[in-house]
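Student: I have a protein model open beside its sequence, and I would like to learn how to read it one feature at a time. Could you take me through it slowly?

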Amino acid sequence: MDELRTRVRTLRIAQQMSKRELARAAGLTPTYVLKIEDGSLPTPPSADAIVSLARALEADEVELLAAAGLTPNPFLHSPNVARRNLSW
């Protein structure tokens with residue numbers, strides 16, 4: 001989870017957002033964002049919370065999910081899947 005907290009903080013600072021602004025944009029509480037950044041959450045954030053953070057930070061959702069140790073389905077985000085002819 002160290003990778004997630006570092007990535008969220010770096011992205012937030014790059015966007016020039018306060019923790020409170022990020023929380024509001026992501027639909028989370030400021031305390032929750034603080035706990036993500038300082039690593040004091042007892043369990044990793046949910047995938048929904050991470051996706052909300054990514055959208056608020058204009059960041060790659062898959063990257064933040066991976067930073068949290070959550071492995072998303074690679075087929076959901078692969079641009080090549082839609083273009084392939086998968087007929088048998």
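Student: Which pattern does the protein follow when it is read along the sequence?

Tutor: This is a predicted model, and read along the sequence the protein follows the pattern α-α-α-α-α. The secondary structure comes to five helices and zero strands.

Student: How should I judge confidence here, and what is the mean pLDDT of the protein?

Tutor: The mean pLDDT is 85, and 81% of the residues reach 70 or more. Among the helices, confidence is lowest in α5, at a mean of 91, and highest in α2, at 97. Over residues 81–88, by contrast, pLDDT stays under 50, and for this stretch the model has one contact beyond four places in sequence.

Student: What share of the residues is buried?

Tutor: Of the 88 residues in the protein, 28% are buried. The accessible surface comes to about 5,900 Å², and 51% of that surface belongs to carbon and sulfur atoms. As for how the chain meets itself, among contacts with a separation of 6 or more, 51% are between residues 24 or more positions apart.

Student: How do I read the two sides of a helix, and which residues of α2 are buried?

Tutor: The general idea is that an α-helix has 3.6 residues a turn, so residues three or four places apart point the same way. In helix α2, which spans residues 19–26, the buried residues are Leu22, Ala23 and Ala26. Seen down the axis of α2, these buried residues fall within an arc of 100°, so they line one face of the helix. The face turned away from that buried side carries the exposed residues Arg20 and Arg24.

Student: What covers the buried residues of α2, and what follows the helix?

Tutor: The cover includes α1 (2–14), α3 and α4. After α2 comes glycine 27, whose phi is positive, near 75°.

Student: How do I read a nonpolar core, and which residues of the largest one touch the most other members?

Tutor: In soluble globular proteins, nonpolar side chains tend to be buried together. Here the largest nonpolar core has 21 residues, and Leu4, Val8, Leu22, Leu53, Leu57 and Leu64 touch the most other members. Each of α1, α2, α3, α4 and α5 (61–67) supplies at least two residues of this core, and the largest share, five residues, comes from α4. To follow one member outwards, take leucine 4: leaving aside residues up to four places away in sequence, leucine 4 touches Ile36, Pro45, Ile50, Leu64, Ala67 and Ala68.

Student: Now for charged residues: how many salt bridges does a search of the whole structure find?

Tutor: The search finds four salt bridges, and it helps to ask of a pair where its partners lie in the chain and how exposed they are. One of them joins the side chains of arginine 5 and aspartate 2, at 3.9 Å from N to O. Both partners lie in helix α1, three residues apart, about one turn of the helix. Arginine 5 is partly exposed, with a relative accessible area of 28%, whereas aspartate 2 counts as exposed at 53%.

Student: Which residue forms a salt bridge with arginine 12?

Tutor: The partner is glutamate 37, and the closest N and O atoms are 2.6 Å apart. This pair links distant parts of the chain, with arginine 12 in helix α1 and glutamate 37 in helix α3, 25 residues apart.

Student: Is glutamate 37 buried or exposed?

Tutor: Glutamate 37 has a relative accessible area of 9%, and because buried means under 20%, glutamate 37 counts as buried. Arginine 12 is buried as well. Not counting residues up to four places away in sequence, glutamate 37 touches Arg5, Val8, Arg9, Arg12 and Lys19.

Student: Which residue does glutamate 61 pair with in a salt bridge?

Tutor: Glutamate 61 pairs with arginine 55, with the closest N and O atoms 2.7 Å apart. Glutamate 61 is partly exposed, at 22% relative accessibility, while arginine 55 is exposed, at 57%.

Student: Finally, how would I place a loop residue, and where does serine 46 lie?

Tutor: Serine 46 lies in the loop between α3 (30–38) and α4 (47–56), and is partly exposed, with a relative accessible area of 38%. Serine 46 and alanine 68 are 22 residues apart along the chain, and their C-alpha atoms are separated by 9.2 Å.

Notes: Residues are numbered from 1 along each chain as its sequence is written. This is a predicted model: local features need pLDDT of at least 70, side-chain atom pairs count only at pLDDT 80 or more; totals for chains, interfaces and linings use all residues. Side-chain values use heavy atoms; hydrogens and water are left out. Helices (H or I, at least four residues) and strands (E, at least two) are DSSP runs, numbered from the N terminus. Buried means under 20% relative accessible area, exposed over 50%, partly exposed in between (1.4 Å probe, protein chains only). Contact means heavy atoms within 4.5 Å. Accessible areas come from the Shrake-Rupley method with a 1.4 Å probe; for residues, only the protein chains shown count as cover. The arc is that of the directions from the helix axis to the C-beta atoms. A nonpolar core is a set of buried Ala, Val, Leu, Ile, Met, Phe, Trp, Tyr and Cys residues joined through side-chain atoms within 4.5 Å. pLDDT is the predictor's confidence in each residue, from 0 to 100.
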